[in-house]
Amino acid sequence: MNGRVVVVGAGLAGLFAALTAAESGAEVTLASMRPSERAQSVMAEGGINAALGDNDSISNHYHDTMAAGRYLADPNAVKGLTEAAPGIVRRLLGLGALFNMRRDGEPELRCFGGQKIQRTAFAQSGTGKQIMSAVIQEARKYEARGLIARYDRHSFAGLLCGGNGCTGCAVRDNYSGETLYLRGSVIITSGGMHGLFGGTTGSLDNSGAVTAALLQMGVPLANGEFVQYHPTTASVAGKRLLISEAARGEGGRLFVPRNGKRWYFQVYLDMTGLPDEVFGTRLSDTLDDCLTYLRLDPRREPIPVAPGAHYFMGGIQVDEQHRTILPGLYAAGECCCQYHGGNSLLGAIYGGITAANHAIADEYFTDGGDFFPADTAQTPADKLSTQAVTRDAECAAQYSILEKTGACFHPFSTPPPM
Ligand SMILES: Cc1cc2nc3c(=O)[nH]c(=O)nc-3n(C[C@H](O)[C@H](O)[C@H](O)COP(=O)(O)OP(=O)(O)OC[C@H]3O[C@@H](n4cnc5c(N)ncnc54)[C@H](O)[C@@H]3O)c2cc1C
């Protein structure tokens with residue numbers, strides 16, 4: 001048997017997890033609250049990082065990522081991420097994602113935060129739309145051949161657990177209320193916790209409900225305190241409009257007015273000095289958004305901006321292979337705690353691929369198991385306490401060695417209970 005894999009969430013991480021598992025010959029079920037076309041990944045604007053520039057290297061990308069994450073990220077995971085990045089961008093190009101390209105056929109690169117050189121491949125200011133369109137088309141081919149079964153508009157309803165781990169999950173039809181019990185290793189890719197925050201740039205559908213349910217079931221979270229507030233967001237009704245950091249990468253500057261002069265700080269974003277061509281070929285979605293939602297023309301006047309909740313570095317605790325503490329349960333993308341300091345589109349794709357590869361390799365495919373509904377206080381971890389304790393003890397031992405040697409990271413990113 002090539003295994004059965006259930007993916008919960010159909011954004012970028014979920015699609016790549018589903019594709020990777022299907023390519024390995026597993027039976028794949030992809031369930032999500034909304035269709036992929038409505039996932040937050042579609043909203044990503046500025047780009048995806050990879051060491052593709054002539055003056056760049058994987059080592060530079062690795063060191064910049066570790067520094068941006070204040071050396072709190074798992075270095076092995078970041079190493080894997082940065083090594084895989086150029087191949088991932090080339091794969092996206094191969095799937096037909098329309099990036100801005102140079103005359104020599106290589107992707108154009110721009111600057112993003114936390115990097116010293118241009119390393120961000122982009123599709124104007126609608127990178128997520130382009131990538132998701134290409135990946136959704138690829139997934140459709142597998143769906144048409146019966147290799148991926150899709151359940152759109154289904155919400156996570158709980159885990160199936162037995163033996164010493166997770167044997168599947170349940171999802172509920174948002175319209176009929178019918179519950180489906182899906183067998184297989186489970187990969188959670190349910191996005192960040194934007195719905196919990198007012199004033200967020202992200203999708204309010206991503207409420208953190210799956211993450212909260214897993215926590216209640218005894219699956220640990222990590223680094224929840226690391227929430228990225230983006231400095232350049234603009235107020236629109238009930239939400240925040242992101243003005244991508246690409247706007248600053250292209251030359252936009254922050255300032256406050258003082259004594260009739262511009263003091264460059266965090267209240268207005270000035271893009272008036274940028275050549276018209278930049279708005280035409282590199283920031284066209286940003287221009288459209290400002291004209292449509294703010295009734296402002298960023299070519300003529302500065303945009304008032306304020307910080308807004310944007311990205312969740314913390315979440316479901318996973319190891320370098322994207323395993324949670326529960327055998328058979330994996331997590332990837334913005335719902336998990338990995339790649340603090342890394343580029344999130346890249347992290348979602350690489351995390352989805354890694355989780356699926358290990359779900360297949362671990363061969364934790366067992367039948368049976370009890371149902372633990374998402375809204376119960378009953379925890380599989382209680383039943384599986386031997387396993388959980390063993391894993392915690394391993395973590396504690398590793399953590400204490402690292403502490404003694406002065407290393408400032410932990411294989412699971414935060415210290416386990418000692
Ligand atoms: C405006 C904006 C711009 C951004 N720009 C960039 C950028 O330029 N570069 C970059 O690297 N990153 C960017 N990001 C961040 C990046 O887009 C995300 O981190 C990444 O796309 C997350 O992918 P994901 O697959 O983890 O989650 P998502 O794409 O959010 O997918 C989550 C999936 O889970 C499903 N789901 C949620 N709750 C449930 C539930 N209860 N039951 C079942 N399914 C559920 C959803 O329906 C969806 O299918 C941006 C984010 C925003 C908001």
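How do the residues of the shell around the ligand divide into nonpolar, polar and charged? They divide into 17 nonpolar, 22 polar and four charged residues, where Ala, Val, Leu, Ile, Met, Phe, Trp, Tyr, Cys and Pro count as nonpolar, Asp, Glu, Lys and Arg as charged, and the others, Gly among them, as polar.

This is a predicted model, in which local features need pLDDT of at least 70 and side-chain atom pairs count only at pLDDT 80 or more, while totals for chains, interfaces and linings use all residues. Residues are numbered from 1 along each chain as its sequence is written.

Of the 43 residues around the ligand (a residue is near a molecule or strand if its C-beta atom, placed from the backbone, lies within 6 Å of it), Gly-9, Gly-11, Gln-40, Gly-191 and Gly-333 come nearest. The table lists elements that each give two or more residues to this shell; helices (H or I, at least four residues) and strands (E, at least two) are DSSP runs, numbered from the N terminus.

| Element | Residues |
|---|---|
| Helix H1 | residues 12-23 |
| Helix H4 | residues 127-144 |
| Strand E7 | residues 154-162 |
| Helix H5 | residues 209-216 |

Helix H9 also belongs to this group. Helix H3 (residues 75-94) and helix H9 (residues 344-362) pack at an angle of about 100°, with their axes 10 Å apart; axes are lines fitted to C-alpha atoms, for helices over the stretch in contact, and angles run from 0 to 180 degrees between N-to-C directions. H3 and H9 are therefore roughly perpendicular to each other, given that angles under 35 degrees count as roughly parallel, over 145 as roughly antiparallel, 65 to 115 as roughly perpendicular and the rest as oblique. Gly-80, Leu-81, Ala-84, Ala-85 and Ile-88 of H3 meet Leu-346, Gly-347, Ile-349, Tyr-350 and Thr-354 of H9, where contact requires C-beta atoms, placed from the backbone, within 7 Å.

Val-318 lies in the loop between strand E18 (315-316) and strand E19 (329-331). Val-318 is buried, with 29 other C-beta atoms within 10 Å; a residue is buried if 20 or more such atoms lie within 10 Å of its own, exposed if 12 or fewer, and partly exposed in between, with C-beta atoms placed from the backbone. Although Val-318 and Cys-337 are 19 residues apart in sequence, their C-alpha atoms are 6.6 Å apart in space.

Within helix H8 (residues 284-294), the buried residues are Asp-285, Thr-286, Leu-287, Asp-289 and Cys-290. These buried residues of H8 pack against strand E13 (239-242), helix H6 (246-249), helix H7 (276-281) and strand E16 (303-304).

Conventions. Contact = placed C-beta atoms within 7 Å.
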